[in-house]
Amino acid sequence: QVQLVESGGGLVQPGGSLKLSCSASGLTSSPTIMDWYRQAPGKQRAFVARITPFGVTTYADSVTGRFTISGAATRDTVYLQMNDLKPEDTAVYFCFAPSFDAWGQGTQVTVSS
């Protein structure tokens, strides 16, 4: 059974930084594609970033240049470094393994002064 556990969320001022972690267990094939999504209040869950087993990364336009996705060699842990945070980045951030259709429980990120 695949289990994804996010951590690292919190309250940060605009312009600040946070680093989210996603710890994966039960993956029958690793490394695998890993995504980060986010869901703001009253909005649909939206794609943020992806890393492939070959280390190729993709980002949503809204976070390009500010967020960086990275992972350990085995992809057991995937990170999302978030810099220059803005109030519109406030959301619950989820880790997702699309090959396993597995979601984490989410971690809250709040950007506010």
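## Paired strands

In this predicted model, Trp36 has Ala49 of strand β5 as its bridge partner. The bridge belongs to a wider pairing, in which strand β4 (residues 34-39) and strand β5 (residues 46-51) are antiparallel and are joined by five bridges. Six residues separate β4 from β5, and the two strands form a hairpin. Within the turn of this hairpin, Gly42 has a positive phi of about 75°.

Strand β5 also pairs with strand β6 (residues 57-59), again in the antiparallel sense, through three bridges. Here Ile51 is matched with Thr57 in β6. A hairpin is formed by β5 and β6 as well, with five residues between them. Its turn contains Gly55, whose phi is positive at about 85°.

## The nonpolar core

Which residues touch the most other members of the largest nonpolar core? They are Trp36, Leu80, Met82 and Tyr93, in a core of 28 residues. At least two residues of this core come from each of the strands β3 (18-25), β4, β5, β7 (67-71), β8 (77-82), β9 (91-97) and β11 (107-111).

Leu80 illustrates how residues from separate parts of the sequence come into contact. When its neighbours within four places in sequence are set aside, Leu80 is in contact with Leu18, Lys19, Leu20, Trp36, Val48, Ala49, Phe67, Thr68, Ile69 and Tyr93. Trp36 and Ala49, the bridge partners described above, are thus both among the contacts of Leu80.

## An exposed loop residue

The loop between β8 and β9 contains Glu88. Is Glu88 buried or exposed? Its relative accessible area is 57%, and a residue counts as exposed when this value is over 50%; Glu88 is therefore exposed. The C-alpha atom of Glu88 lies 29 Å from that of Ser99, although the two residues are 11 residues apart along the chain.

## Aromatic pairs

The model holds five aromatic pairs. A pair of aromatic rings is described by the distance of the centres and the angle of the planes. For Tyr37 and Phe47, the ring centres are 5.7 Å apart and the planes stand at 80°, so this pair is edge-to-face. Because Tyr37 lies in strand β4 and Phe47 in strand β5, the pair ties together parts that are 10 residues apart in sequence. Tyr37 counts as buried, with a relative accessibility of 19%, since buried means under 20%. Phe47, at 29% relative accessible area, is partly exposed.

Tyr37 also forms an edge-to-face aromatic pair with Trp103, with 5.2 Å from centre to centre and 70° between the planes. This pair links distant parts of the chain, for Tyr37 is in strand β4 and Trp103 is in strand β10 (residues 102-103), 66 residues apart. Trp103 is partly exposed, with a relative accessible area of 34%.

## The ring cluster and Arg45

Which residues do ring pairs link into a cluster? The members are Tyr37, Phe47, Phe94, Phe96 and Trp103.

Arg45 lies over the faces of two rings that belong to this cluster. Over the face of Phe94, Arg45 is at 3.7 Å from the ring centre. Over the face of Trp103, the distance of Arg45 from the ring centre is 4.5 Å.

How values were computed: Residues are numbered from 1 along each chain as its sequence is written. This is a predicted model: local features need pLDDT of at least 70, side-chain atom pairs count only at pLDDT 80 or more; totals for chains, interfaces and linings use all residues. Side-chain values use heavy atoms; hydrogens and water are left out. Two strands pair if DSSP finds at least two bridges between them. Helices (H or I, at least four residues) and strands (E, at least two) are DSSP runs, numbered from the N terminus. A nonpolar core is a set of buried Ala, Val, Leu, Ile, Met, Phe, Trp, Tyr and Cys residues joined through side-chain atoms within 4.5 Å. Buried means under 20% relative accessible area, exposed over 50%, partly exposed in between (1.4 Å probe, protein chains only). Contact means heavy atoms within 4.5 Å. Rings of Phe, Tyr and Trp (its six-membered ring) pair if their centres lie within 6.5 Å; planes under 30 degrees apart count as stacked, over 60 as edge-to-face and the rest as tilted. A charge sits over a ring if NZ of Lys or CZ of Arg is within 6 Å of the ring centre and within 35 degrees of the ring normal.
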